[in-house]
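Reader: I'd like a close look at one part of this model, with its surroundings filled in as you go. Could you walk me through it in one go?

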Amino acid sequence: MRLGLIAAVFAGFLGQGVAAAPVLTVYTYDSFVSEWGPGPKIKALFEAECGCTVDFVTAGDGASLLGRLRLEGTRSPADVVVGLDNNLIDAARESGLFAPHGLGHVALDLPVEAGDDTFLPFDWGYFAFVYDRTKLSDPPDSFPALIDRPASFKVILQDPRSSTPGLGLLLWVKAAYGDRAPEIWKGLAPHVLTVTPGWSEAYGMFLKGEADMVLSYTTSPAYHIIEEQDDTKAAAMFAEGHYLQVEVAARLASSQEQELAGRFLSFLLSDAAQAVLPTTNWMYPAIIPAGGLPAGFEKLSIPERALIFTPEEARSIRDAALDEWLGALSR
């Protein structure tokens, strides 16, 4: 009896002496953690140096992340969010849910100034309509040219209420056409095959041949070039210019792992992590890795004109742009 009690007490002391590895909970979007996305590689690389466990939690597409965090508030289990963008920064900042990243000024390889002391850019790209060269030899070169196509010409879009590409398209049209945006949407509406909640669903439908074009990025063809040795996918270049997206990460003010969250954000800009992004997230890295961009990226089309609103402008325009979009597509 006494020996059993001693053994139990000894086992208890041993248990107290072995601390469990800390867990870092990272909210992000679906494609980031897919088997072909950057999540698995970044998780493995960071865990190898942090002595922790990274738990990725998905919340649909990028724009859904902020909505979930707002609902959870300070009760959220999230330590870090990865996948908000420049169009959501102002709304995210006003929520009061985020803490400064603490990294000071970081020199980034971006075509515009982006991010601040709280929201840290980690990659970027231009929105574009992607098509298949074998099925479309003369892609439209502007929104009016797309509108002028026969009614049978179809595109797949993403919902701006849940998807950052979907929101990006609203702002693209608004940046290019201003007060004429409702006219553009009225013309585009007959060509919209469907609107999906997120990017993954839309791009998958396009690859199955269900539409002529899909809203994506100028960098999307790099996947097919590099992974499939297939150069049949291309981004249609529009004369109006292309809207720029900068994806950002941030830590939650309510996180119980503030130091670890800060380390993760710093790691996200490391050469090792940035080198992962071009061939997994298929975007331009925020900092060009020491080895440069992968072979195949030099074949991508680069817009002659970049369109972008400041985070404050994007937020002030969003509701009116959404009403214009809903009005056109509901008819």
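Let's start with one side chain: is Tyr203 buried or exposed, and what is its relative accessible area?

Author: Bear in mind that this is a predicted model. Tyr203 is buried, with a relative accessible area of 5%. Since buried means under 20% here, Tyr203 falls inside that cut-off.

Now for its ring. Tyr203 forms an aromatic pair with Trp199, and the pair is stacked, at 5.0 Å centre to centre with 20 degrees between the planes. Why do these two go together along the chain? They are four residues apart in helix α8, so about one helical turn separates Trp199 from Tyr203. As a general point, an α-helix has 3.6 residues a turn, so residues three or four places apart point the same way. The structure holds 21 aromatic pairs in total, and ring pairs also link Phe129, Phe143, Trp172, Tyr177 and Phe238 into a cluster.

That cluster brings us to the cores. The largest nonpolar core has 94 residues, and the ones with the most contacts inside it are Leu84, Phe98, Phe129, Phe143 and Trp172. Domain 1 (23-124 + 245-299) and domain 2 (125-243 + 301-330) both give residues to this core, so it lies between them. Take Phe143 as a way in: leaving aside residues up to four places away in sequence, Phe143 touches Phe129, Leu169, Trp172, Val173, Tyr177, Ile184, Leu188, Phe238 and Glu240. Your tyrosine belongs elsewhere: there is a second, separate core of seven residues, and among them are Val130, Ala202, Tyr203 and Phe206.

Follow helix α8 (residues 199-207) along and you get to Leu207. Leu207 is partly exposed, with a relative accessible area of 44%. Not counting residues up to four places away in sequence, Leu207 touches His224 and Lys233. Its C-alpha atom is separated by 8.9 Å from that of Asp132, although Leu207 and Asp132 are 75 residues apart along the chain.

His224 hands us over to helix α9 (residues 220-227), where the buried residues are Ser220, Pro221, Ala222, His224 and Ile225. Those buried residues pack against β5, α8, β8 (213-217) and β9 (233-236), so helix α8 turns up again as one of the partners of α9. After α9 comes Gln229, whose phi is positive, near 50 degrees. That is a positive value in a residue other than glycine. Gln229 is in the loop between α9 and β9, and it is exposed, with a relative accessible area of 64%.

Trp282 makes a nice counterpart. Its phi is also near 50 degrees, again a positive value in a residue other than glycine. Trp282 sits in the loop between α11 (271-276) and β11 (284-285), but at 9% relative accessibility Trp282 counts as buried.

Back to β5, one of the elements α9 packs against. Strand β5 (residues 120-132) is joined to β10 by six bridges, and the two run antiparallel. Leu120 has Ala249 as its bridge partner in β10. And what else lines up with β10? Strand β3 (residues 80-85) pairs with β10 in the antiparallel sense over five bridges, and there the partner of Val82 is Ala249. So Ala249 of β10 is the bridge partner of Val82 and of Leu120.

Strand β4 (residues 98-99) also runs antiparallel to β10, joined by two bridges, with Phe98 standing opposite Leu252. Phe98 is one of the residues with the most contacts inside the largest nonpolar core. Strand β12 (residues 306-307) runs parallel to β10, and two bridges join them; Tyr243 has Leu307 as its bridge partner in β12.

How buried is β10 itself? Eleven of the eleven residues of strand β10 (residues 242-252) are buried, so it is largely enclosed by the rest of the structure. For a regular strand in general, the side chains alternate between the two faces of the sheet.

One last detail away from this strand: the charged end of Arg149 sits over the ring of Phe153, 5.4 Å from its centre.

Note on methods. Residues numbered from 1 in each chain as written. Predicted model: local features only at pLDDT ≥ 70, side-chain atom pairs only at ≥ 80, totals over all residues. Heavy atoms only, no water. Buried < 20%, exposed > 50% of the residue type's maximum accessible area, 1.4 Å probe, protein only. Contact = heavy atoms within 4.5 Å. Pairing = 2+ DSSP bridges. Core = buried A, V, L, I, M, F, W, Y, C linked by side-chain atoms within 4.5 Å. Domains from an automatic or database assignment. Phe/Tyr/Trp six-rings, centres within 6.5 Å; stacked < 30°, edge-to-face > 60°. Lys NZ or Arg CZ within 6 Å of the ring centre and 35° of its normal.
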